[in-house]
Amino acid sequence: MATIVQCNCGAEYRRTEEKFLVPQTGDAVCTVCGAALESWLEATHVPSYELIERPQTESGQDKPPETP
């Protein structure tokens, strides 16, 4: 089963879980802004995040300032 998770920056991820026999430790971070999405310690159900939508930018914010 997949769920949709949204980072504070607006990026959306599809979160799924994979089951392991050996406990795993790790974390997932947003590939857009670097914020922590989730951390786990000695878990056998380990989440996986797939970026499905980048955040919407306001018009002109992704462009450098114009020079006169």
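**Close-up views of a three-stranded sheet**

**View 1. Three strands line up as one open sheet in the order 1-2-3, with antiparallel pairing.** Strands here are DSSP runs of E with at least two residues, numbered from the N terminus, and two strands pair if DSSP finds at least two bridges between them. Out at the edges sit strand 1 (3–6) and strand 3 (36–53), each pairing on one side only. From one strand to the next, the twist averages 45°, with axes taken as lines fitted to C-alpha atoms and angles running from 0 to 180 degrees between N-to-C directions. In general, strands of a sheet pair through backbone hydrogen bonds, either parallel or antiparallel.

This is a predicted model, so to speak of local features takes a pLDDT of at least 70, side-chain atom pairs count only at pLDDT 80 or more, and totals for chains, interfaces and linings use all residues. Residues are numbered from 1 along each chain as its sequence is written, and side-chain values use heavy atoms, leaving out hydrogens and water.

**View 2. Here is the whole chain, running β-β-β from the N terminus on.** You'll find three strands and zero helices (a helix would be a DSSP run of H or I with at least four residues). Of the 68 residues, 18% count as buried, meaning under 20% relative accessible area with a 1.4 Å probe, protein chains only. Residues 24 or more positions apart make up 40% of the chain's contacts with a separation of 6 or more; a contact means heavy atoms within 4.5 Å.

**View 3. Zoom in on strand 1 and strand 2, where a hairpin joins the two.** Four bridges link strand 1 to strand 2 (residues 12–29), and the two run antiparallel. One residue to look for is Gln-6, whose bridge partner in strand 2 is Glu-12. Five residues lie between the strands of this hairpin, and Gly-10 takes a positive phi near 105°.

**View 4. Now for the largest nonpolar core, ten residues in all.** Such a core is a set of buried Ala, Val, Leu, Ile, Met, Phe, Trp, Tyr and Cys residues joined through side-chain atoms within 4.5 Å. Its members include Cys-7, Tyr-13, Cys-30, Trp-40 and Ala-43. Strand 2 and strand 3 are the elements that give two or more residues to this core, and strand 3 gives the most, with five. Leaving aside neighbours within four places in sequence, Ala-43 is in contact with Val-22, Pro-23 and Gln-24.

Methods. Buried means under 20% relative accessible area, exposed over 50%, partly exposed in between (1.4 Å probe, protein chains only).
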